[in-house]
Amino acid sequence: MDPQIFQRLHPKSYLERFIAESFRPDGREEKDWRDISVHVGSISTADGSALVRLGDTTIVCGVKAEIAEPDLEQPTEGFLVPNIDLPPLCAPRFKPGPPSEEAQVLSDRLASVINAAGVLPLSNLCIHPERAAWVLYVDATCINYDGNAFDAALIAMVTALQNTTLPKATYNEETGSTLCTRGIREPLLLGPLPISYSFGVFDGTTVLADPTAFEEPLLDTSISIVLDKHGSLLSTSQLGIADKDTMSVCVAAAKHRHEARGREIYSF
């Protein structure tokens with residue numbers, strides 16, 4: 001049978017045959033990662049932007065800033081609104097219409113990690129307590145999907161925030177208005193910079209680093225290990241069942257990858 005036809009008709013058996021030879025369909029070994037590249041400032045109309053390629057998965061992210069009144073319960077804080085879109089152009093599995101459940105879950109996961117890590121303290125976005133604060137819309141779009149969008153999108157969002165500058169803003173209490181000086185732009189004061197390393201567990205025992213779009217539907221469990229720039233563990237998450245030994249293997253593999261490559265991601 002033609003290999004491509006066999007892959008479509010029997011995807012699990014197709015992957016099992018590769019795993020039996022200690023390789024994956026794209027030529028990588030089980031713990032190998034795909035190449036990653038990061039480019040900043042790719043959207044001239046945004047206040048900050050980044051383009052990330054993780055293998056064939058490509059994410060572009062832009063940051064747009066607006067001014068609004070702070071929330072009554074947090075009068076000294078601004079707003080950070082991460083969102084990711086998975087449009088039909090990135091893969092046939094995504095359909096036109098409202099955001100898919102997968103995109104909404106992914107947006108929630110990204111927002112949770114960014115907020116929990118303290119990437120951008122919201123107090124840094126306050127212009128004047130109770131009167132004016134910045135709202136940052138961090139919008140990512142997948143323009144080509146080949147798996148592991150979470151890792152790629154997190155890098156794209158954090159890198160776009162690194163690239164973001166805002167005009168100097170002052171609030172005039174007499175007029176009740178905010179004045180922005182376009183000629184003076186200031187970078188954001190960021191906290192810890194998280195980076196995620198995701199894995200999939202296939203057939204109960206085989207741990208695959210950086211799973212592709214072909215591998216993802218065949219996985220029993222998905223695991224993400226989030227480290228900061230210096231390699232300290234920030235959080236872990238899993239979808240499915242994994243024992244402590246598997247989680248330990250993933251944490252160790254994530255730290256090893258971080259030592260080899262991860263420290264360079266946000267160093268530009």
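Q: Two strands pair if DSSP finds at least two bridges between them; what makes β5 and β6 a pair?
A: DSSP has two bridges between β5 and β6, running in the antiparallel sense. At least two is what pairing asks for, so β5 and β6 pair, over two bridges. In one spot to look at, C126 stands opposite A133 in β6.

Q: How do you know where these strands start and stop, for instance β3 and β6?
A: Strands are DSSP runs (E, at least two residues; numbered from the N terminus). On that basis β3 covers residues 57–68 and β6 covers residues 132–144. This is a predicted model, with pLDDT of at least 70 needed for local features and 80 or more for side-chain atom pairs, while totals for chains, interfaces and linings use all residues. Numbering runs from 1 along each chain as written, and side-chain values use heavy atoms, without hydrogens or water.

Q: What makes β3 a partner of β6, and in which sense do they pair?
A: Their 11 bridges meet the definition, so β3 and β6 count as paired, in the antiparallel sense. To place yourself on this pairing, find G62, which stands opposite D139 in β6.

Q: In which sense do β4 and β6 pair, parallel or antiparallel?
A: Parallel: β4 (residues 79–85) joins β6 over seven bridges. P82 is a handy marker here, with V138 as its bridge partner in β6.

Q: What stands out in the hairpin of β5 and β6?
A: Three residues sit between the two strands, and E130 in this hairpin takes a positive phi near 70°.

Q: Why is D47 called buried?
A: Buried means under 20% relative accessible area (over 50% is exposed, in between is partly exposed). D47 comes in at 13%, so D47 is buried. You'll find this residue in the loop between β1 (36–40) and β2 (48–54).

Q: What does the side chain of D47 reach?
A: The backbone nitrogen of A65, at 2.9 Å. A polar contact is a pair of N or O atoms within 3.5 Å; within protein, one must be able to donate a hydrogen and the other to accept it, and sequence-adjacent residues count only if both atoms are side-chain atoms. The 2.9 Å between D47 and A65 falls within that limit, so the pair fits the distance rule.

Q: Which residues is D47 in contact with, leaving aside neighbours within four places in sequence?
A: Contact means heavy atoms within 4.5 Å. For D47 that gives V63, K64, A65, N163, T164, T165 and R185. A65, then, turns up here as well as at the end of that 2.9 Å reach.

Conventions:
Helix = DSSP H or I, 4+ residues; strand = E, 2+ residues; numbered from the N terminus. Buried < 20%, exposed > 50% of the residue type's maximum accessible area, 1.4 Å probe, protein only.
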